[in-house]
Amino acid sequence: MTWTFSDSIASDKDKVRLKIGDTDTDDQLLSDETIDALLAIRADVVLCAIDACRAILAKLARDIDRSAAGMSG
């Protein structure tokens, strides 16, 4: 799995990354392959960004633990 982002924002993938805030190479949220797959489903950058946010939410929802004191991440 690869992760790339260019400040030139020339590609639709870079536009999606910018809209969802996935621009930090040290804190990657979605792979290039995932964004490419989402763009194949929805060519519109805004709609793809919405789908990407949903994918991130689903990913983060799995990482929550429940403890006796409540919820923690």
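Helices here are DSSP runs of at least four residues, numbered from the N terminus. With that in hand, take Asp 12 and Lys 15: both sit in helix α1, three residues apart, which is about one turn of the helix. They form a salt bridge, and the closest N and O atoms are 3.8 Å apart. Neither end is tucked away: Asp 12 counts as partly exposed at 33% relative accessibility, and Lys 15 counts as partly exposed at 34%. Keep in mind throughout that this is a predicted model.

Let's step back for the overall layout. The protein has three helices and two strands, and along the sequence they run α-α-α-β-β. Of the 73 residues, 26% are buried. The accessible surface comes to about 5,000 Å², and carbon and sulfur atoms own 55% of that. As for how the chain meets itself, take the contacts with a separation of 6 or more: 42% of them are between residues 24 or more positions apart.

Now for the inside. The largest nonpolar core has 11 residues, among them Val 16, Ile 20, Leu 30, Ile 35 and Ile 56. The elements giving two or more residues to this core are α1 (12-20), α2 and α3, and α3 supplies the largest share, with five residues. Val 16 is a handy place to look around from. Setting aside residues up to four places away in sequence, Val 16 touches Ile 35, Leu 39, Val 45, Cys 48, Ala 49 and Ala 52.

Back to charges. Side chains of opposite charge can pair when their charged atoms come close. In this model the salt bridges number seven, and one of them is worth a slow look: the side chains of Lys 13 and Asp 32 meet at 3.9 Å, N to O. Lys 13 belongs to helix α1 and Asp 32 to helix α2, so this pair ties together parts that are 19 residues apart in sequence. Both partners are buried.

Stay with Asp 32 for a moment. This residue lies in helix α2, which covers residues 32-41. Asp 32 counts as buried because its relative accessible area is 6%, and the cut-off for buried is under 20%. What does the side chain of Asp 32 make with the side chain of Arg 17? A polar contact, at 2.6 Å. If you leave out neighbours within four places in sequence, the contacts of Asp 32 are Thr 2, Trp 3, Thr 4, Lys 13 and Arg 17.

Helix α3 has its own pair. Asp 51 and Arg 54 both lie in this helix, three residues apart, about one turn. Their salt bridge has its closest N and O atoms 3.5 Å apart. The two ends sit in contrasting surroundings: Asp 51 is buried, with a relative accessible area of 13%, whereas Arg 54 counts as exposed at 53%. Elsewhere, salt bridges that share partners join Lys 13, Asp 14, Arg 17, Asp 22 and Asp 32 into one network.

Finally, the outside. Val 46, Leu 47 and Ile 50 form a nonpolar patch on the surface, together offering about 230 Å² of accessible area. Ile 50 is found in helix α3, residues 45-61, and at 37% relative accessibility Ile 50 counts as partly exposed. Helix α3 is thus a good one to turn around on screen: it holds Ile 50 of the patch and gives five residues to the largest nonpolar core.

Definitions and conventions:
Residues numbered from 1 in each chain as written. Predicted model: local features only at pLDDT ≥ 70, side-chain atom pairs only at ≥ 80, totals over all residues. Heavy atoms only, no water. Buried < 20%, exposed > 50% of the residue type's maximum accessible area, 1.4 Å probe, protein only. Polar contact = N/O pair within 3.5 Å; in protein donor to acceptor, adjacent residues only side chain to side chain. Contact = heavy atoms within 4.5 Å. Areas by Shrake-Rupley, 256 points an atom, 1.4 Å probe, with all protein chains shown as cover. Patch = residues over 30% accessible without salt bridge, like charges linked within 9 Å, V, L, I, M, F, W, Y side chains within 5 Å. Salt bridge = Lys/Arg side-chain N within 4 Å of Asp/Glu carboxyl O. Core = buried A, V, L, I, M, F, W, Y, C linked by side-chain atoms within 4.5 Å.
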